[in-house]
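Welcome, and thanks for taking a look at this one with us. Please open the sequence and the structure side by side before reading the points that follow.

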Amino acid sequence: MFFLEGFMSLLNPVSILLIAAGTLLGIVFGALPGLNTAMAVCLCLPLTFVLDHVNGIAMIMGIFIGGVSGGLISAILLNIPGTAASMATCFDGHPMVKKGEAARAMGIGIFYSFMGTILGMIALISISRPMANVALHFRSVEYFAISIFSLTMMASLSGKSLIRALISGFFGVLVSTVGMSPIDYTPRFTFGSMAMTGGFNQVAVLTGAFAISTIMFSIIDLQDVKSSDFRETKMKGFGFTVVEFISNIWNMIRSAIIGIFIGILPGVGAGTSNLISYSTAKNSSKHPEKFGTGIMDGIVASETANNATVCGAIIPLLTLGIPGDIGTAFLLSALQIHGINPGPLLFDTNPELVYICFAGILFAVIFMVVFEYFGIRLFTKILTVRKYILLPIIIMLCAVGAFANSNRVFDVIWLMIFGLIGYFMTRNGYPIGPMVIGFILGVNTETNLRRCLMASDHGSLLSLFSPIACVFYALAVLFIVISVRNNRKLKKAAEA
């Protein structure tokens with residue numbers, strides 16, 4: 001009943017237009033390297049001052065949904081994740097482009113972005129309260145265990161060498177320690193530089209490691225050709241058959257569950273969920289050797305998970321008033337601007353506002369599919385632009401994104417440095433994926449570890465164990481064993 005009321009509240013030309021505009025803006029910010037959903041929401045917050053609470057919420061929801069999905073465009077076409085949520089989409093999306101299946105890869109990504117959001121919204125509507133209550137009981141020990149479990153993904157992204165993947169991953173963790181300590185705010189590895197006390201910006205690290213290193217490869221291998229060996233192929237529907245859809249149903253459901261669960265946990269986010277989902281899909285596949293060569297399964301796992309995470313992150317926001325990441329923090333500000341205070345009483349005091357949020361997500365995901373699907377031909381035209389024109393534009397956008405994130409030229413400099421690091425790592429067989437995982441999870445892992453030890457008697461290691469934490473430790477061990485076994489199978493098959 002309340003959902004119907006929320007739906008009817010938005011069923012007017014002004015609200016529909018604002019949702020459409022917000023979704024389109026979110027897609028643009030998600031697709032451009034260096035920009036992100038949080039930045040789009042932040043820039044549009046002042047615009048909501050002049051809107052009533054219904055239209056203000058509607059526009060922000062459109063930006064939020066469009067931003068996460070928009071990252072797949074540059075991830076697939078340029079091998080540059082528009083946002084951290086689309087990192088794993090690069091692994092199979094861009095290889096499909098190289099095989100002449102750019103439109104098909106885009107179609108698969110768009111459809112499963114839609115499915116991830118829809119499945120996430122079903123969870124948002126039906127199990128918001130009980131799932132948020134479970135997450136509320138998580139302490140530092142459980143978050144530490146989840147971080148350790150997430151770090152085990154390095155094993156599944158190891159490629160040919162597990163040792164090199166571990167070195168790459170621990171390098172990422174080391175990079176995350178630069179700056180002020182998260183507990184006692186002691187400067188570390190700053191070498192006397194004030195700029196270094198702020199640490200490395202995530203946009204600079206991720207965009208540099210993926211985008212700038214990719215551009216360096218393109219420049220060094222530059223030929224007088226278009227930006228890739230693009231062969232336009234005809235595509236029916238979203239580019240996959242009914243049989244392929246059926247074969248990926250469990251992959252989709254599992255990825256959505258992972259995304260929703262990760263979204264509920266504050267501080268983890270879609271940048272982690274898409275990697276966990278991709279790794280899980282690879283390790284449970286009957287043909288793990290095909291992952292990374294351009295198959296549908298990898299895109300399904302990544303795009304379903306990251307969009308489901310969006311809805312998962314809204315669950316603790318609405319029911320507990322706890323933002324899960326920077327994007328939902330700005331979303332919380334937008335709600336408070338309009339006199340809405342998320343928390344346990346919101347469902348009882350203003351249930352219609354909650355369901356306006358739900359209806360806004362539904363409208364936004366519809367517009368997202370329409371804009372992205374009918375824009376496939378336009379998006380793929382990027383691949384016909386010559387490299388000497390396209391690459392400088394991408395570098396400029398990356399630099400603008402790195403600078404705009406915190407208004408520091410320092411971040412632009414390190415954007416280029418991490419581009420060089422990513423280039424030399426890839427050249428020498430060290431995968432970038434584990435480094436990114438280590439960097440993203442490093443701060444959370446350290447923070448929760450130190451909190452556990454501080455809360456215990458004399459820093460006892462027993463404080464790192466609880467029933468729930470032991471479950472995640474067991475899953476981490478199982479994950480490593482499966483990854484190592486799969487790598488050995490692949491090695492034996494290659495030798496044979």
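Helices and strands here are DSSP runs, at least four residues of H or I for a helix and at least two of E for a strand, numbered from the N terminus. With that in hand, F191 can be placed in the loop between β2 and α11. Please keep in mind that this is a predicted model. The protein chain has 23 helices and two strands, and buried residues account for 58% of its 496 residues.

**Overall picture**

- Of the contacts in the protein chain between residues at least 6 apart in sequence, 80% join residues that are at least 24 apart.
- The structure holds five salt bridges, and several of them are described below.

**The loop between β2 and α11**

- F189 is found in the loop between β2 (187-188) and α11, and F191 is found in that loop too.
- F189 has a phi near 55°, which is a positive value in a residue other than glycine.
- F191 likewise has a phi near 55°, again positive in a residue other than glycine.
- Are these two side by side in exposure class? F189 is partly exposed, with a relative accessible area of 45%, while F191 is exposed, at 75%.**Helix α11 against helix α22**

- Two packed helices are described by the angle between their axes and the distance between the axes.
- For helix α11 (residues 202-220) and helix α22 (residues 432-455), the axes come within 11 Å and cross at roughly 175°.
- Angles over 145 degrees count as roughly antiparallel, so α11 is roughly antiparallel to α22.
- On the α11 side, the contact is made by Q202, V205, L206, A209, F210 and S213. On the α22 side, I432, M435, V436, F439 and I440 take part.
- By residue type, the contact of α11 with α22 divides into nine nonpolar, two polar and no charged residues.

**Salt bridges that involve E446**

- Side chains of opposite charge can pair when their charged atoms come close.
- E446 and R188 meet through their side chains in a salt bridge, at 2.5 Å from N to O. This pair links distant parts of the chain, with E446 in helix α22 and R188 in strand β2, 258 residues apart.
- E446 also meets R450 in a salt bridge, here at 3.6 Å from N to O. R450 and E446 are four residues apart in helix α22, so about one helical turn separates them.
- E446 counts as buried because its relative accessibility is 17%, under the 20% cut-off. R450 is partly exposed, with a relative accessible area of 23%.

**Salt bridges around R104**

- The side chains of R104 and E244 form a salt bridge with an N to O distance of 2.9 Å. R104 lies in helix α6 and E244 in helix α12 (residues 242-247), so the pair ties together parts that are 140 residues apart in sequence.
- R104 counts as buried at 17% relative accessibility, whereas E244 is partly exposed at 27%.
- A network of salt bridges links E101, R104 and E244.

**A buried glutamate in helix α18**

- E372 has its place in helix α18 (residues 351-374).
- Which side chain of opposite charge is nearest to E372, and how far away is it? That side chain is R377, 16 Å away, and E372 is buried yet has no salt bridge.
- Leaving aside neighbours within four places in sequence, E372 is in contact with I27, S69, G70, L72, I110 and F379.

**A buried glycine in helix α6**

- G116 sits in helix α6 (residues 102-126), the helix that also holds R104.
- G116 counts as buried because its relative accessibility is 0%.
- Not counting residues up to four places away in sequence, G116 touches T304, N307 and A308.
- G116 and A256 are 140 residues apart in sequence, and their C-alpha atoms are 5.7 Å apart in space.

Key. Residues are numbered from 1 along each chain as its sequence is written. This is a predicted model: local features need pLDDT of at least 70, side-chain atom pairs count only at pLDDT 80 or more; totals for chains, interfaces and linings use all residues. Side-chain values use heavy atoms; hydrogens and water are left out. Buried means under 20% relative accessible area, exposed over 50%, partly exposed in between (1.4 Å probe, protein chains only). Lys and Arg count as positive and Asp and Glu as negative; His and the chain ends are not counted. A salt bridge is a side-chain nitrogen of Lys or Arg within 4 Å of a carboxyl oxygen of Asp or Glu. Contact means heavy atoms within 4.5 Å. Axes are lines fitted to C-alpha atoms, for helices over the stretch in contact, and angles run from 0 to 180 degrees between N-to-C directions. Angles under 35 degrees count as roughly parallel, over 145 as roughly antiparallel, 65 to 115 as roughly perpendicular and the rest as oblique. Ala, Val, Leu, Ile, Met, Phe, Trp, Tyr, Cys and Pro count as nonpolar, Asp, Glu, Lys and Arg as charged, and the others, Gly among them, as polar.
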